[in-house]
Amino acid sequence: GIDLGTSTSEIAVLKDGKPYVIPNHLGEYITPSIVGISEDGRIIVGKEAKDQLLIRPEHTVMEVKRLMGSNEKITMGGKEYTPQQISSFLLKYLVDCASEHLGEKIERAVISVPAYFSDTQRRATVEAGLLAGLKVERIINEPTAASLDYGIEHMKDCKNILVYDLGGGTLDVTVLELFEGIIDVKASSGNNKLGGKDFDKAVMDYLLDRFNEKHETNFKFETLEPRASMRLKEAAEECKISLSNQGEYEVIMPFFTTVNGQPVSLEEKVTVDTFQSLIQDMVDSTFNQISIALKDAKLTTQDIDHILLVGGSTRIPYVKSFIEKSMGKAADLILDPDLTVVRGAAIQAGILNNELTSENDILITDVCPYTLGT
């Protein structure tokens, strides 16, 4: 099972009826979804590619998932690639790590995608798998995968569950019913252009605006030199993560850029309240998706017994408090928000491999929330 994410990717396998996340070559369970070309011309993936982001931005690519299904070409190291090709490098890396770890060749996989991915985006994901030498047995919706991970531990429960999945680049809201080992997905709604990356962008814009005010300059993110823009991106992300468990964060970037021929630093204090005001409208807008999913499922907020928070961006305190306020009940962070989707994909792989059966273990029915055309 593979979770091919906007900001991170993971791989897992079913072992003795339980999902097991496989570490990469560095012994880490989470691999940054970053691909690059090293100085000696090799394709590099994950942390190695992330480490060269600042020094060689034009040889490094991130957030490729947002381009899946489009005809956009990506330039890396002076050569053009399709989003599928870049994604296939990521998949191949994960599969190589897993092959080495398990001591066997891996040829088949289940890959998760946002529930709201279109048919074209799903086909592009399958194509990326083929380019990586995989037969993609199934494309599974991310919130459905998360509910499989939850369901396998709660086989006897009978509950209506709302899965709120906010990752690095996409949002999915899924309403499902769990009863005696059957997961019945009622409805899904989402936004493929909203996630943690947009919160980072809001922080970047704020920092640049403050910098421009102080120095009476007119820098735009697009006009910064590549290295400065990458540093700003990194600082914004660090700031966002730190503000999940502290009241304020000081961004300090020495020699950020030059003003009138002089090197100038960027120093700015960001408080939780400031950060919240930057992301509030985006987070609040997700109430639309919650309402649509509930309406399609013919349920009200009172009918929901359990709220599952999935995806790294649900670690932001404001996101959790917004959900709880909107739904009028406590939300649950019991699953590891970063690993639950890949674990669910591995469970689906186990079902396809007949290691789990619908009679004794778990059965899943899903919806198709995107248009297929005719």
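Here are some questions and answers on how a few labels in this predicted model follow from its computed values.

Q: Why is S313 called buried?
A: The cut-off for buried is under 20% relative accessible area. S313 comes out at 6%, so it counts as buried. You'll find S313 in the loop between β17 (306-310) and α9. Leaving out residues up to four places away in sequence, S313 touches L166, G167, G168, G195, G196, F199 and V319.

Q: What makes D16 exposed?
A: Exposed means over 50% relative accessible area. D16 sits at 79%, so the label is exposed. Its place is the loop between β2 (8-15) and β3 (18-21). The backbone is worth a look too: phi of D16 is near 50°, a positive value in a residue other than glycine.

Q: E63 has a positive phi in a residue other than glycine, so is E63 buried or exposed, and why?
A: Phi of E63 is near 55°, and E63 is in the loop between β7 (60-62) and β8 (74-76). For the label, what matters is the relative accessibility of 15%: buried needs under 20%, so E63 counts as buried.

Q: How do you know that N245 is exposed?
A: Take the relative accessible area of 66% and set it against the cut-off of over 50%; N245 is therefore exposed. N245 lies in the loop between α6 and β15 (248-259). As for distance, the C-alpha atoms of N245 and F179 are separated by 36 Å, with their positions 66 residues apart along the chain.

Q: What makes A228 buried?
A: A relative accessible area of 2% does, because buried means under 20%. A228 belongs to helix α6. From A228 to P317 is 29 Å, C-alpha to C-alpha, and the two are 89 residues apart in sequence.

Q: Why does M327 count as buried?
A: M327 has 3% relative accessibility, and the limit is under 20%, so M327 is buried. It lies in helix α9. Neighbours within four places in sequence aside, M327 is in contact with L162, I290, L294, T301, I304 and I307. The C-alpha atoms of M327 and I183, 144 residues apart along the chain, are separated by 21 Å.

Q: Why is α4 described as largely enclosed by the rest of the structure?
A: Because 10 of the 10 residues of α4 are buried. Going along the helix, those are E142, P143, T144, A145, A146, S147, L148, D149, Y150 and G151.

Q: What makes α4 roughly perpendicular to α10?
A: The axes of helix α4 (residues 142-151) and helix α10 (residues 340-352) come within 7 Å and cross at roughly 80°. The range for roughly perpendicular is 65 to 115 degrees, so α4 earns that label relative to α10. On the α4 side, the contact is made by E142, A145, A146, L148 and D149. The α10 side brings T340, V341, R343, G344, A345, I347, Q348 and I351. Sorted by type, the residues of this contact are seven nonpolar, three polar and three charged.

Q: How do you know that the reach of α7 is close to what is expected?
A: Helix α7 (residues 272-285) has 14 residues, and the expected span at 1.5 Å a residue is 20 Å. From first C-alpha to last, α7 reaches 20 Å, close to that value. There is a bend as well, of about 50° at I279.

Q: Which residues of α7 are buried, and what do they pack against?
A: F275, I279 and V283 are the buried ones. An α-helix has 3.6 residues a turn, so residues three or four places apart point the same way. The buried residues of α7 pack against β12 (158-166), α5 (196-215), α6 (226-242), β16 (262-271), α8 (287-296) and α9 (317-327).

Q: How does the reach of α5 compare with the expected value, and what takes place in phi just after α5?
A: With 20 residues, α5 reaches 29 Å from its first C-alpha to its last, close to the 28 Å expected at 1.5 Å a residue. Just after α5, E216 takes a positive phi of about 50°.

Definitions and conventions. Residues are numbered from 1 along each chain as its sequence is written. This is a predicted model: local features need pLDDT of at least 70, side-chain atom pairs count only at pLDDT 80 or more; totals for chains, interfaces and linings use all residues. Side-chain values use heavy atoms; hydrogens and water are left out. Helices (H or I, at least four residues) and strands (E, at least two) are DSSP runs, numbered from the N terminus. The expected span of a helix is 1.5 Å times one less than its number of residues. The bend at a residue is the angle between axes fitted to the seven residues ending there and the seven starting there. Buried means under 20% relative accessible area, exposed over 50%, partly exposed in between (1.4 Å probe, protein chains only). Contact means heavy atoms within 4.5 Å. Axes are lines fitted to C-alpha atoms, for helices over the stretch in contact, and angles run from 0 to 180 degrees between N-to-C directions. Angles under 35 degrees count as roughly parallel, over 145 as roughly antiparallel, 65 to 115 as roughly perpendicular and the rest as oblique. Ala, Val, Leu, Ile, Met, Phe, Trp, Tyr, Cys and Pro count as nonpolar, Asp, Glu, Lys and Arg as charged, and the others, Gly among them, as polar.
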